[in-house]
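Fancy a guided walk through a protein model? Grab a pencil, try each task yourself, and then check the solution below it.

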Amino acid sequence: MTSEATESLADVQRLCSLAGLPRATYYRHLNRRSRETVDCELRDQIQRICLKHPFYGYRRVTATIRRKGMVVNAKKVLRLMREDNLLAQRKAPFLKPPAERPKDIVVVPNLVRGLVPSAPDQIWVADITYVHLATTFAYLAVILDAFSRKAELAGPSTTRSMRHWRLQHWTVRSRLASRSAAA
């Protein structure tokens, strides 16, 4: 088929009628070839990104490809990565060698692991995190009773650093003391 035949719709119609094929078959065949080339280009982009960033999963790879201006579905990237065995590698956690660790740090073993509380006030679990607000962030401390799974104490604070938590620490201790005295 010549380039002149592909430029004109009348030429495509005439050639398809001579071959005994509908025009849709001709255009489907053209799209199939272009789809294969697009897949080949996409595979190339995925492989380049995965070689440069071996810890990227399919979501990050998809975002990187989209930033480059290609329109691509995350499911397609996942399928192509699985076919090419380009799974993300997990980063190993950073641990200092024993010789470089400070000697004055004491590692306390978890004595509660495996214990199942049978009544309230046997095991308390605490966590602290910060919540980002519009202009600042607030610390949030939560203490849970492991038996009832209820938040017994929660203390929000908008202080700038952890040094200002002494007052709240005192408040938590006083609440725990009053709770144990009431029981």
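Here come some short exercises on this predicted model, each with a worked solution.

**Exercise 1: The overall layout**

Find how many helices and strands the chain has, and work out the pattern they follow along the sequence.

*Solution.* Start by counting: the chain has 6 helices and 3 strands. Next, read along the sequence and write down each element as you meet it, which gives α-α-α-α-α-β-β-β-α. To round off the overview, look at burial across the chain: of its 183 residues, 16% count as buried.

**Exercise 2: The two sides of helix H4**

Sort residues of H4 into buried and exposed ones, and say how the buried ones are placed around the axis.

*Solution.* Step one is to locate the helix, which spans residues 58–67. The buried residues in H4 are Val61, Thr62, Thr64 and Ile65. Step two is to look around the axis: these residues cover an arc of only 165°, so they sit on the same side of H4. Step three is to turn to the face pointing away from that buried side, where you meet the exposed residues Arg59 and Arg67. Finally, look just past the helix: H4 is followed by Gly69, which has a positive phi, near 105°.

**Exercise 3: Now try H5**

Repeat the sorting for H5: which residues are buried, and which are exposed on the other side?

*Solution.* First, pick out the buried residues of H5, namely Val77, Leu80 and Met81. Their arc around the axis is only 100°, so they share the same side of H5. Then flip to the other side of H5, where Lys75 and Arg82 are exposed.

**Exercise 4: Following the salt bridges**

Start at Glu83 and trace its salt bridges to Arg43 and Arg79. Then find the network that these residues belong to.

*Solution.* Before tracing anything, note the total: the count comes to 6 salt bridges. Now take Glu83 and Arg43, which form a salt bridge with their closest N and O atoms 2.5 Å apart. This pair links distant parts of the chain, as Glu83 belongs to helix H5 and Arg43 to helix H3 (residues 23–52), 40 residues apart. How open are these two? Glu83 has 46% relative accessibility, so it counts as partly exposed. Arg43, at 25%, counts as partly exposed too.

Next, go to the other partner. Arg79 and Glu83 meet in a salt bridge through their side chains, at 3.3 Å from N to O. They are 4 residues apart in helix H5, so about one helical turn separates them. Arg79 is partly exposed, with a relative accessible area of 39%. Put the pieces together and you get one network, in which salt bridges that share partners join Arg43, Arg79, Glu83 and Asp84.

**Exercise 5: A salt bridge within H3**

Work out how far apart Arg48 and Asp44 are, both between atoms and along helix H3.

*Solution.* Begin with the atoms: Arg48 forms a salt bridge with Asp44, and the closest N and O atoms are 3.0 Å apart. Along helix H3 the two are 4 residues apart, so they are separated by about one helical turn. Then check exposure: Arg48 has 53% relative accessibility and therefore counts as exposed. Asp44 is partly exposed, with a relative accessible area of 31%.

**Exercise 6: Rings that meet**

Find the aromatic pair and describe how the rings are arranged.

*Solution.* A search for such pairs turns up 1 in the structure. The partners are Tyr26 and Tyr27, edge-to-face, at 5.2 Å centre to centre with 70° between the planes. Now check each one for exposure. Tyr26, at 13% relative accessibility, counts as buried, whereas Tyr27 is partly exposed at 35%.

**Exercise 7: Cysteines and a surface patch**

Decide whether Cys16 is buried or exposed, then find which residues form a nonpolar patch on the surface.

*Solution.* Cys16 has 9% relative accessibility, so it counts as buried. Cys50 is at 11% and also counts as buried. As for disulfides, a search of the whole structure finds 0.

For the patch, look at Leu111, Val112 and Leu115, which together offer about 310 Å² of accessible area. Leu115 is exposed, with a relative accessible area of 54%. Leu115 sits in the loop between helix H5 (74–83) and strand S1 (124–132).

Methods: Residues are numbered from 1 along each chain as its sequence is written. This is a predicted model: local features need pLDDT of at least 70, side-chain atom pairs count only at pLDDT 80 or more; totals for chains, interfaces and linings use all residues. Side-chain values use heavy atoms; hydrogens and water are left out. A disulfide is a pair of cysteine sulfur atoms within 2.5 Å. Buried means under 20% relative accessible area, exposed over 50%, partly exposed in between (1.4 Å probe, protein chains only). Patches are made of residues with over 30% relative accessible area and no salt bridge: like charges are joined within 9 Å, nonpolar side chains (Val, Leu, Ile, Met, Phe, Trp, Tyr) within 5 Å. Accessible areas come from the Shrake-Rupley method with a 1.4 Å probe; for residues, only the protein chains shown count as cover. A salt bridge is a side-chain nitrogen of Lys or Arg within 4 Å of a carboxyl oxygen of Asp or Glu. Rings of Phe, Tyr and Trp (its six-membered ring) pair if their centres lie within 6.5 Å; planes under 30 degrees apart count as stacked, over 60 as edge-to-face and the rest as tilted. The arc is that of the directions from the helix axis to the C-beta atoms.
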